[in-house]
Amino acid sequence: MQICSSKNILCCLITCSLILNLLLLVNVSLRSRSWENSWTRDAMEEAEAVASIHCSGNGRAFLDGVISADHGRPVCECNACYGGSDCTQLLPDCQVDADSGDPTFLEPFWVKNAGSSAVVISGWHRMSYEFSDGSLISEELKKHIETVHAITGNAITQGKHIIFGPGATFLLHAAVHSLSHQHSASASLSNVVASIPYYPVYKEQTEFFKAEDYKFSGDSAKWKEDNDYLKTSSNIIELVTSPNNPDGRLRKAVLEGPSVKKVHDLAYYWPHFTPIPEPADEDLMIFTLSKLTGHAGSRFGWAIVKDEAVYRKMLTYIELTAFGVSRETQLRVLKLLKVLLHNGNGKEMSEFGHNIMRSRWMKLSQTMSQSTRFSIQQLEPQYCSFFHQLRTPYPAFAWVKCEREEDRDCYQVLKNLNITGRAGSLFGTENRYVRLSLVKSQHDFDLLLRQLNKIVSEERDDVTVMPSISSAVRENT
Ligand code: PMP
């Protein structure tokens, strides 16, 4: 056996001491790093704890929800038609709510991407009124919005200004206000018009503000037909919704001429709802996060504006009413758009949303095809430059028509059958139409489909026993 020399022993001791020091150093640096990061730990634990509250799959608890007196944690907020502390009770004779266009159908995408889409907001996050460059908008977010449009191919942003607002609802009014102030002082009241069936907010908003500069003046198609706009000395602001709410059709402006200004509301111009034939290149385009990622509650929208003067007027409007969009919202939106872009350049979320909408439309069409009492809109496939193929539109809403002569109030007909939609008259058309929302949660859609299936199968039974006059006539022709 070889005995260590004193030289070797010294060498061993030095090596051991070096290793020990290195281990100590690593330990200290790890400990100090974990100390540095510890301020996020409580927030993280709180968020995870709330996410794990069990609501039986029929509801969800939120961090800012009402605190239960029983267990001191946020209560379960149950899905429609469910109740009880853990949402296990199915409420009898529950009315199916297909009224609002609340786009929670994309929630599963964000649950799937829970880690990458979470954002921690420190207590000192951007407390100032302004960004350090004096602006009210995050340059980084603006760049991400431009990238989203570039990869989707749904709007041209080059050479245009971008304005943020707390939702498209707000920006619509900012646009109408700014365009009506665009005209010369001598010009009379601007007429705000939109083609029937139009998004009800246009009329409601314009009438609510009772402005001296503009008024709601009805159907653009009627103005075109009567050539009224060529005769009037006043200006016209045409609101163009594409795809349209309620019927999902891609639309173009119907009025032309020097007195016509246009606002293009492109809230639904995203590949999960519609084929994208070409990028929109309009003077004033409005988009909203609500219909892109589904985050309606974040209240975020943006306008893309060509004309410098209109842009300045809109900026002033926003500064004097809201002083921009909350910095917390901008941070969250930035995070969401990063997730969207990092997952296949937007393809993953678009496919995800498209597949949900397609499945809903297939089921709905199958049900409605068996009815002679109700019909829904038919939309043609078009080439989609985003998916590089022919795609069928799967819009956010079903535009239902009651076909029976006696069913003039379709809203009431469906209401009596336990479904609440939105009446056609609100969209400027007959009450023979009603809008049903298809963008709510899967749970809401399942309830709607179940009820529609029930109604249609009862209709078929009725027809077998005693055919209605209209269907009897149809069968004989
Ligand atoms: N435009 C249209 C056509 C809409 O359907 C909606 C929402 N239903 C909006 C604008 C408003 O969007 P936001 O949630 O951003 O206010």
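These entries record what I looked up in the predicted model, beginning with the sheet and ending with two helices.

**Entry 1. The sheet**

I first traced the strand order. Seven strands form an open sheet, and they run E6-E12-E11-E10-E9-E7-E8 with mixed pairing. I then asked which strands stand at the edges. They are E6 (161-165) and E8 (214-219); each has a single partner strand, so one side of each lacks a neighbour in the sheet. For the twist I noted an average of 25° from one strand to the next.

**Entry 2. Strand E9 and its partners**

I turned next to E9, which spans residues 236-241. On one side I found E7 (residues 190-194), joined to E9 by four bridges in the parallel sense. In this pair, Val193 stands opposite Glu238 of E9. I also looked up the pairing of E9 with E10 (residues 260-265), where six bridges join the two strands, again parallel. Here Ile236 is set opposite Val260 in E10.

I checked whether the residues of E9 are buried or exposed. Six of its six residues are buried, so I recorded the strand as mostly covered under the criterion of 20 or more other C-beta atoms within 10 Å. Both faces are covered: Ile236, Glu238 and Val240 lie on one side, with Ile237, Leu239 and Thr241 on the other. I note that Glu238, the residue opposite Val193, is among those buried.

**Entry 3. From E10 to E11**

I followed the sheet from E10 to E11 (residues 284-288) and found a parallel pairing over two bridges. His264 stands opposite Met285 in E11.

**Entry 4. Helices H6 and H7**

I examined how H6 (residues 168-180) packs with H7 (residues 200-209). The angle is about 60° and the axes are 11 Å apart. That angle makes H6 oblique to H7. I recorded the crossing of H6 past H7 as right-handed.

Which residues meet in this contact? From H6 I listed Thr169, Leu172, His173 and Val176, and from H7 Val201, Gln205, Thr206 and Phe209. By class, the contact has four nonpolar, four polar and no charged residues.

**Entry 5. The helices on the sheet**

Lastly, I placed both helices relative to the strands. H6 lies across E6, E7, E8, E9, E10, E11 and E12 (301-305), and runs at about 165° to E11. H7 lies across E7, E8 and E9, at about 155° to E8. I therefore class H6 against E11 as roughly antiparallel, since its angle is over 145 degrees.

Definitions and conventions:
Residues are numbered from 1 along each chain as its sequence is written. This is a predicted model: local features need pLDDT of at least 70, side-chain atom pairs count only at pLDDT 80 or more; totals for chains, interfaces and linings use all residues. A residue is buried if 20 or more other C-beta atoms lie within 10 Å of its own, exposed if 12 or fewer, and partly exposed in between; C-beta atoms are placed from the backbone. Two strands pair if DSSP finds at least two bridges between them. Axes are lines fitted to C-alpha atoms, for helices over the stretch in contact, and angles run from 0 to 180 degrees between N-to-C directions. Angles under 35 degrees count as roughly parallel, over 145 as roughly antiparallel, 65 to 115 as roughly perpendicular and the rest as oblique. A crossing is left-handed if the near helix is turned anticlockwise from the far one by less than a right angle, and right-handed if clockwise. Two residues are in contact if their C-beta atoms, placed from the backbone, lie within 7 Å. Ala, Val, Leu, Ile, Met, Phe, Trp, Tyr, Cys and Pro count as nonpolar, Asp, Glu, Lys and Arg as charged, and the others, Gly among them, as polar.
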